[in-house]
Amino acid sequence: MKSPRLNIVSSLFLVSTFLFLVICIAVAITMNNAAKIVEKATQNHLAASARAAASLLTVEELDLFHTAEDMQRSEWETIHRRLIAFAEQYHVLYVYYWRDYGDGRIQYIIDNDPDPQTRATPEIFFNINNPEDPITSAAVPHILGGNIYISDLGSYTKSWDGLISAVVPVFNHDGSVYCAAGVDLSDAVIIAQHRNIIVFRVLLVVSLLLSLLAGGAGIRFYRKKALQSESANIAKSQFLSTMSHEIRTPMNAVIGISELALREQDISPRIIQYITTIKQAGTSLLAIINDILDLSKIEAGKMEINPGRYDLASLVNDVVTIIGIWLHEKPLDFRVTVADSLPGTLWGDEIRIRQILLNLLTNAVKYTQDGYIEFAISGETKNDTVIMQFGITDTGIGIKKEDLDKLFRSFVRLDLDQNKDIEGTGLGLAITYTLCRLMGGSVSASSVYGSGSTFTVTLPQKILDATPMKYAGPVDTDYSSRNGTMVQFTAPDARVLIVDDISINLMVAEGLLSPYKMKIDCCSSGKEAIRLAEEHPYDFVFMDHIMPGMDGIETTARIRSSEKIRKDLPIIALTANALAGMKEMFLSKGFSDYLSKPINISDVDKVIRKWLPREKQIR
């Protein structure tokens, strides 16, 4: 017959394994979606580059070159240098032009190749029906019909292996097709992404197998030792230590690989959100395992405090930021109050203090459904020591008076009928109590059942620098409306323009605005934005700052000066430049408002409510 403790440990192992399996599946799906988005983004980039190439040279310039002798014109080198600069600006390998020569052939005109032996010249002709180049054969009818052609990944020719292409028509003034403009790009990034996914899946499978084998071995080891041991506590501690260490190894692999994925370039904000969620889930699971390991250390008498120099403001900011993530799905008011003149630099175990505060604050989040959570920091200085006091008050379900004396015991879950759906192992408060005692401090609790609770932590810390801490408060403490689906009105009669030179940014912004059911136009340049604003009566414009050619500030100035556009058109800066003072700078340059990237749907909602006429907001 299994002991109650073995049942608890076995249950924890099964739950951990299940969560780990879910994380593995979610990561695999996310990486697969990421690869598709990277491939699509590459094709969009090719299409945009090809369209830009079609506008780069005029028909009159291209019509200068029909024979090899025409290459002696002075315009040849000038245009060739422009093409080299264009390829560098748009990050493509090749940009080239060809025209229909008749008799089933096309004539190459000019490209950016610096090598005279391989560059495209008017003396190079190509058979349209060449079986060795199906891409060109397929592209020519599309182009002559006035359409764009983009090759698929893996559609290689014998002579152009490893390249993907986009070709667009260049039109005469009468609307007929004069020639074609094309760009080529290496598929190395996409191929590498697919290879990374294969490696990533193998790592996930290996990590899962290691977790299962380690957990199974840990349980077998515990059963054997439990039968032989005279002390159940010793056996439990050995098992917990073994299991926690073994499961932490593959869990750290999952979290570490998630961090590497987040560092990859050219991934969309949506994928970043998915991977961040996976990382947060893995971190939460690892926190449970860490609690088990900490308990085993405490019971073995091996828990140690490692003091060092730390910045109090940084510690508080870290705790507030992490709790802000926990609060994003709950309509709670998170209040942070910090007493004046607290010393800025202290000597203590910053890691363990952070653990204590996060244990108490996450408990407050778990057991509070509405109202507020208050985090108050104060201190009393005595000579070279400050007695720090951290108070956490919530308006949650509270604790029964008869349960208060059981609060800091291991594996204790109080009021199980009320709290059966709350996550946790019941170890956090016991660990908090022990850590406070080891640091010469204390933790206490008071509560009114049904109304809320207050936990107070007192810790003496040595002062290294009495200069008052500089804590300006969290950047955003409004955690009640971060759910991107909380759209409370639609505006089907509204029309909005989004301007950004990065196609992924356009896709993200358009996706975030889609629940409002507005008519959404997107463009990738300032010049196109001015044209669209003159043609359509937009309700407001989201304008990127840094763009090739005409940036957002110049584009806004030209829109403001146009006689065809209403002077009070709201233009909102949408930029990754979120440094201090940027909002004031944009407002002084003619913008109506300011939003920073990554886009926060709560901020977007506030801006739309502010600038969209109320008669167009349908609730």
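What share of the 619 residues in the chain is buried? Buried residues make up 44% of them. Keep in mind that this is a predicted model.

**Whole chain**

Start with everything shown as a cartoon. The chain has 16 helices and 18 strands. Now consider contacts between residues at least 6 apart in sequence: 68% of these join residues at least 24 apart.

Colour by pLDDT next. The chain average is 79, and 72% of the residues score at least 70. Select residues 475-485, where the pLDDT is below 50. Beyond near neighbours in sequence, this stretch still has 25 contacts in the model. Read those contacts with the low score in mind.

**The β1 strand and its partners**

Select residues 94-102, which are strand β1, and residues 177-186, which are β6. The two strands pair in the antiparallel sense over five bridges. Show Val95 as sticks: Val183 in β6 stands opposite.

Add residues 105-111, strand β2. β1 and β2 also pair in the antiparallel sense, here over six bridges. Pick Asp100 and look across to Ile106 in β2. The two strands form a hairpin with two residues between them. Stop at Asp103 in the turn, which has a positive phi of about 55°.

**Ser165**

Move to strand β5, residues 163-171, and pick out Ser165. Is Ser165 buried or exposed? Its relative accessible area is 9%, under the 20% cut-off, so Ser165 counts as buried.

Show the surrounding side chains. Leaving out residues up to four places away in sequence, Ser165 touches Leu46, Tyr96, Tyr149, Ile150, Ser151, Val183 and Asp184. Val183 is the residue already seen opposite Val95. Now zoom in on Asp184: a polar contact of 2.6 Å joins its side chain to that of Ser165.

**Helix α9**

Select residues 350-366, helix α9. Put a distance label on its end C-alpha atoms; they are 24 Å apart. Why does that value fit? At 1.5 Å a residue, the 17 residues should span 24 Å, so the model agrees with the expected length. Switch on the surface, too. α9 is mostly covered, with 14 of its 17 residues buried.

**Asn383**

Go on to the loop between β10 (371-382) and β11 (385-394), where Asn383 is found. Asn383 has a relative accessibility of 78%, over the 50% cut-off, so this residue counts as exposed. Now select Ile463 as well. Asn383 and Ile463 are 80 residues apart in sequence, yet their C-alpha atoms are 8.8 Å apart in space.

**The five-stranded sheet**

Finish with the open sheet of five strands. Their order is β15-β14-β16-β17-β18, and the pairing is parallel. Find the edges: β15 (519-523) and β18 (593-596) each have a single partner strand, so one side of each is left without a neighbour in the sheet. Turn the view to look along the sheet. The twist averages 20° from one strand to the next.

Zoom in on β14 (residues 495-499) and β16 (residues 540-543), which pair in the parallel sense over four bridges. Ile498 stands opposite Phe542 in β16.

Last, add helix α14, residues 552-561. Which strands does α14 lie across? They are β16 and β17 (571-575), and the helix runs at about 155° to β16.

Notes. Residues numbered from 1 in each chain as written. Heavy atoms only, no water. Expected span 1.5 Å × (residues − 1). Buried < 20%, exposed > 50% of the residue type's maximum accessible area, 1.4 Å probe, protein only. pLDDT = per-residue confidence, 0-100. Contact = heavy atoms within 4.5 Å. Pairing = 2+ DSSP bridges. Axes fitted to C-alpha atoms, helices over the stretch in contact; angles between N-to-C directions. Polar contact = N/O pair within 3.5 Å; in protein donor to acceptor, adjacent residues only side chain to side chain.
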